[in-house]
Amino acid sequence: MSELLPSVRRLQSVTDVEIGMLADVLMDCVEGGASVSFMSPLTRDRAVAFWRVVAEAVKAGERALLVAEDAAGLCGTVQLIYDLPENQPHRADVAKMLVHRRARRKGVAAALLRSAEVTARECGKTLLVLDTVTGGDAERLYARLGWQRVGVIPNYALFPHGGFCSTTLFYRDMGAD
Ligand SMILES: CC(C)(COP(=O)(O)OP(=O)(O)OC[C@H]1O[C@@H](n2cnc3c(N)ncnc32)[C@H](O)[C@@H]1OP(=O)(O)O)[C@@H](O)C(=O)NCCC(=O)NCCS
């Protein structure tokens, strides 16, 4: 594990204890209404199964997994997805930016995003791409940290408790920084 920003680090492998804490973070976000691939209720078994797949991808070098920690344990996470078509070796997708409700509005997501950018640059990536719920807290975060807003896809996904949400596409040209 290498230290990046204060309280944020990259996991090179993921233990069962860490998978349990990451499952807690994911379940809390879904319960709180975040549209992050899952419908409510998200069972612990499904959340753990999701993180086991991520852990395998980390082991295979297909993803970088960053985590933030507070006194109670892991409280936030974000991923860089490297497993992309062979004609896109220079870019990564940013995915699953999740901060437990207990740790929000303290700059955890901003630190995770900055650390993800540093990690991507260290891995030779020059373009990052992500999508996020239109009008949500994360959209402000990416805009604030200098990401370029591309546009909106209406009715892209469902909120976990039902109802459509739109998504906004963002990119960051690392070469331009
Ligand atoms: C979106 C999300 C990741 C933001 O996490 P966070 O750790 O609260 O983000 P930050 O603390 O960096 O910024 C959030 C706000 O707190 C403010 N803030 C940051 N540090 C602060 C501090 N020390 N004191 C007061 N406010 C602070 C920021 O300015 C920002 O304000 P804004 O919402 O008015 O723009 C979090 O709400 C979340 O996990 N949501 C559910 C999952 C989700 O939607 N993920 C996005 C997938 S793309």
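Author: Helices here are DSSP runs of H or I with at least four residues, and strands are runs of E with at least two, numbered from the N terminus. The model is a predicted one, where local features need pLDDT of at least 70, side-chain atom pairs need 80 or more, and totals for chains, interfaces and linings use all residues. Residues are numbered from 1 along each chain as its sequence is written, and side-chain values use heavy atoms, without hydrogens and water.

Reader: Which element gives the most residues to the shell around the ligand?
Author: Let's start with the elements that supply at least two residues each: β5 (91–99), α3 (108–122), β6 (127–133) and α4 (137–144). With 6 residues, the top contributor to the shell is α4.

Reader: Thanks! Which residues around the ligand are the closest?
Author: A residue belongs here if one of its heavy atoms lies within 4 Å of the ligand. The ligand has 20 such residues around it, and the closest are Met 97, Val 99, Arg 105, Gly 107 and Arg 140.

Reader: How many residues of that shell are charged?
Author: Asp, Glu, Lys and Arg count as charged; Ala, Val, Leu, Ile, Met, Phe, Trp, Tyr, Cys and Pro as nonpolar; the others, Gly among them, as polar. The shell holds 11 nonpolar and 2 polar residues, and its charged residues number 7.

Reader: How far from an oxygen atom of the ligand does a polar side-chain atom of Arg 140 lie?
Author: Happy to go through the polar contacts (N or O pairs within 3.5 Å). The side chain of Arg 104 brings an N or O atom to 3.4 Å from a ligand oxygen. Val 99 uses a backbone N or O atom, 2.8 Å from a ligand oxygen. For the polar side-chain atom of Arg 140, the distance to a ligand oxygen is 2.8 Å.

Reader: And what share of the ligand's area does the protein bury?
Author: Taken alone, the ligand exposes 940 Å² (Shrake-Rupley method, 1.4 Å probe). The share of this area that the protein buries is 73%.

Reader: In which loop is Arg 105 found?
Author: Arg 105 is among the closest residues to the ligand. Its phi is positive, near 65 degrees, in a residue other than glycine. Arg 105 sits in the loop between β5 and α3.

Reader: One last backbone item: which residues does a cis peptide bond join?
Author: Look in the loop between α1 (16–31) and α2 (44–59), where Pro 41 lies. With omega about 0 degrees, the cis peptide bond joins Ser 40 and Pro 41.

Methods
Polar contact = N/O pair within 3.5 Å; in protein donor to acceptor, adjacent residues only side chain to side chain.
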